[in-house]
Amino acid sequence: MNFNLFTLIFLLAIFSYLATLLYLNSRQKSAVGRSFDHVPDEFSDNISLEEHQKAAKYTQAKLRVSNYEITFSSMILLLWTLGGGIDWLDRLWRSQIDDNLYIGTGVLISLTIIGSVIDLPFSIYRTFVLEAKFGFNKTDNKTFLTDFTKVLLITIAIGLPLIYIILYLMSVMGNNWWIYVWAFMTLFSLVMLWLYPTYIAPIFNKFKALENTTLKNKIDNLLQRTGFKSDGVFVMDGSKRSSHGNAYFTGIGKNKRIVFFDTLLKGMNDNEVEAILAHELGHFHHKHIRKRMFSSFTTSLVGLALLGYLIDQAWFFNGLGVSVPSNHTALLLFALTLPVFIFFVSPISNYLSRKHEFEADAFAAKHTSPVDLVSSLVKLYRDNAATLTPDPLYSSFHDSHPSASIRIGQLNKITDQ
Ligand SMILES: [Zn+2]
């Protein structure tokens, strides 16, 4: 193996990635610990000290698992690359098949499957130990197993043809292959986004229309007031897996949907549900899906152009422990190592995401009541045992939503106006 300067750069990158993430975790742990005995004043009417301390313990327990997981996955990444794992898998497939496209597809799909099996112990621990300890887990063994099998089958059913087509385009489209691959991947993700709410999500959950008629009337009224043309408001049986509550929007075109977890609806009154829905409508109103799609398509174009350059550089392969350069090993190295090189931009994307959250909150405050949105958010923080006192630096790297006090402070400002 001919390691080179790029090997050193990669080692430095992975070390600073790991060190930064562990450092951020330790900051978060201290921030939560510092406020352990005191509920922040603005929440003291609605969140008891006991609930506050449960959130602190839960947050710290998640951080401990995260420390192990980050360290472990960095080691696995080193094994795949410099440790010769990719080379080994590549040789294994080469010894079985002649066709380069089949070899490539085989390598990529088998690495994906091995990766999800390696991750399985963490996923089991998180579900059956961590979540269970804090009373959140509702997943039984059967649901866990069927979920794993379903994900595996869907990965194979969708992943196999997808990978094959990408490798095919790379091999026949000449030097500008990356433009064709980008166009194909963009089209593919648009189709997936369209298919997801109606065809993929129902494989895992049941979706029902709202049954509560007073609430339904309120919602119809809100949809009309805000000019939103869709009857796509659904309730999902989130309680099948966890008692965490949430709401989200998904899909494009006529297939767009707003989904409430049944666990979220449980503790909320009608006005609070209406405020949460208005927040989700705010995302539609401000075209956040479209903006996010646009920025992810632009990013992937830049990424593929970069890969178009790297694929011709021997140092890229050798530096990352691959002795036989090929289209599929280039894709693999790129996908595996990119997060290590670009994790430091996550504060930027989180900043943009938080900006969207403020816009959606302002929209909800205008069309419903900021007071209802605040009380629904406080219930969400309380019931999900989310910390109210995150470390700001940790938060800038990890949180796509504004922290509790900033978000509620902003809404209170609107109320006072
Ligand atoms: Zn939102």
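A residue counts as buried when its relative accessible area is under 20%, as exposed when that area is over 50%, and as partly exposed in between. The exercises below apply this definition to a predicted model.

**Exercise 1. Overall architecture**

Determine what share of the protein is buried and how the radius of gyration compares with the globule rule.

Solution.
- Step 1. Of the 417 residues of the protein, 46% fall in the buried class.
- Step 2. The secondary structure consists of 16 helices and four strands.
- Step 3. The radius of gyration is 23 Å, and the globule rule gives 22 Å for 417 residues; the two values are close, so the protein is as compact as a globular protein of that length.
- Step 4. The C-alpha trace spans about 65 × 50 × 45 Å along its principal axes.
- Step 5. Among contacts with a separation of 6 or more, 77% join residues that are 24 or more positions apart.
- Step 6. The exposed surface comes to about 21500 Å², of which carbon and sulfur atoms supply 63%.

**Exercise 2. The surroundings of strand 4**

Establish which strands pair with strand 4, and in which sense.

Solution.
- Step 1. Strand 4 covers residues 257–261. Strand 2, residues 233–236, pairs with strand 4 in the parallel sense over four bridges. Within strand 4, phenylalanine 260 is the residue opposite valine 235.
- Step 2. Strand 3, residues 247–250, pairs with strand 4 in the antiparallel sense, also over four bridges. Tyrosine 248 has valine 259 as its bridge partner, and phenylalanine 249 has isoleucine 258.
- Step 3. Strands 3 and 4 form a hairpin with six residues between them. In the turn, glycine 251 has a positive phi of about 85°.
- Step 4. Burial can then be assigned face by face. Arg257, Val259 and Phe261 lie on one side of strand 4, Ile258 and Phe260 lie on the other, and all of them are buried. Accordingly, five of the five residues of strand 4 are buried.

**Exercise 3. The zinc site and aspartate 361**

Identify the residues that coordinate the zinc ion, and then state which of them has a polar contact with the side chain of aspartate 361.

Solution.
- Step 1. The zinc ion is coordinated by His279 through NE2, His283 through NE2 and Glu357 through OE, at 2.1 Å.
- Step 2. The spacing of these donor residues in sequence is H-x3-H-x73-E.
- Step 3. Histidine 279 and histidine 283 both belong to helix 9, residues 270–285; because they are four residues apart there, about one helical turn separates them. Both histidines are buried.
- Step 4. Aspartate 361 is placed in helix 13, residues 346–367. Its relative accessibility is 3%, so aspartate 361 is classed as buried.
- Step 5. The side chains of aspartate 361 and histidine 279 make a polar contact at 2.7 Å. Leaving aside residues up to four places away in sequence, aspartate 361 touches His279, Leu373, Arg407 and Leu411.

**Exercise 4. Two loop residues with positive phi**

Decide for lysine 287 and for alanine 385 whether the residue is buried or partly exposed.

Solution.
- Step 1. Most residues other than glycine have a negative phi. Lysine 287 has a positive phi, near 55°, and alanine 385 has a positive phi, near 50°.
- Step 2. Lysine 287 lies in the loop between helix 9 and helix 10, the latter at 288–310. Alanine 385 lies in the loop between helix 14 (370–383) and helix 15 (392–398).
- Step 3. The relative accessible area of lysine 287 is 42%, so this residue is partly exposed. For alanine 385 the value is 1%, so this residue is buried.

**Exercise 5. The environment of histidine 52**

Describe where histidine 52 lies and which residues it touches.

Solution.
- Step 1. Histidine 52 is part of helix 2, residues 49–80.
- Step 2. Its relative accessibility is 4%; therefore histidine 52 counts as buried.
- Step 3. A polar atom of the histidine 52 side chain lies 3.2 Å from the backbone oxygen of histidine 38.
- Step 4. When residues up to four places away in sequence are not counted, histidine 52 touches Ser35, Phe36, His38, Val39, Pro40, Ile47 and Leu388. Histidine 38 thus appears both in this list and in the polar pair of Step 3.

Definitions and conventions. Residues are numbered from 1 along each chain as its sequence is written. This is a predicted model: local features need pLDDT of at least 70, side-chain atom pairs count only at pLDDT 80 or more; totals for chains, interfaces and linings use all residues. Side-chain values use heavy atoms; hydrogens and water are left out. Buried means under 20% relative accessible area, exposed over 50%, partly exposed in between (1.4 Å probe, protein chains only). Helices (H or I, at least four residues) and strands (E, at least two) are DSSP runs, numbered from the N terminus. Two strands pair if DSSP finds at least two bridges between them. Donors are N, O and S atoms within 2.8 Å of the metal (3.2 Å for Na, K and Ca); water is not among the atoms, so sites may look incomplete. A polar contact is a pair of N or O atoms within 3.5 Å; within protein, one must be able to donate a hydrogen and the other to accept it, and residues adjacent in sequence count only if both atoms are side-chain atoms. Contact means heavy atoms within 4.5 Å. The radius of gyration is taken over C-alpha atoms; the globule rule is 2.2 Å times the number of residues to the power 0.38. Accessible areas come from the Shrake-Rupley method with a 1.4 Å probe; for residues, only the protein chains shown count as cover.
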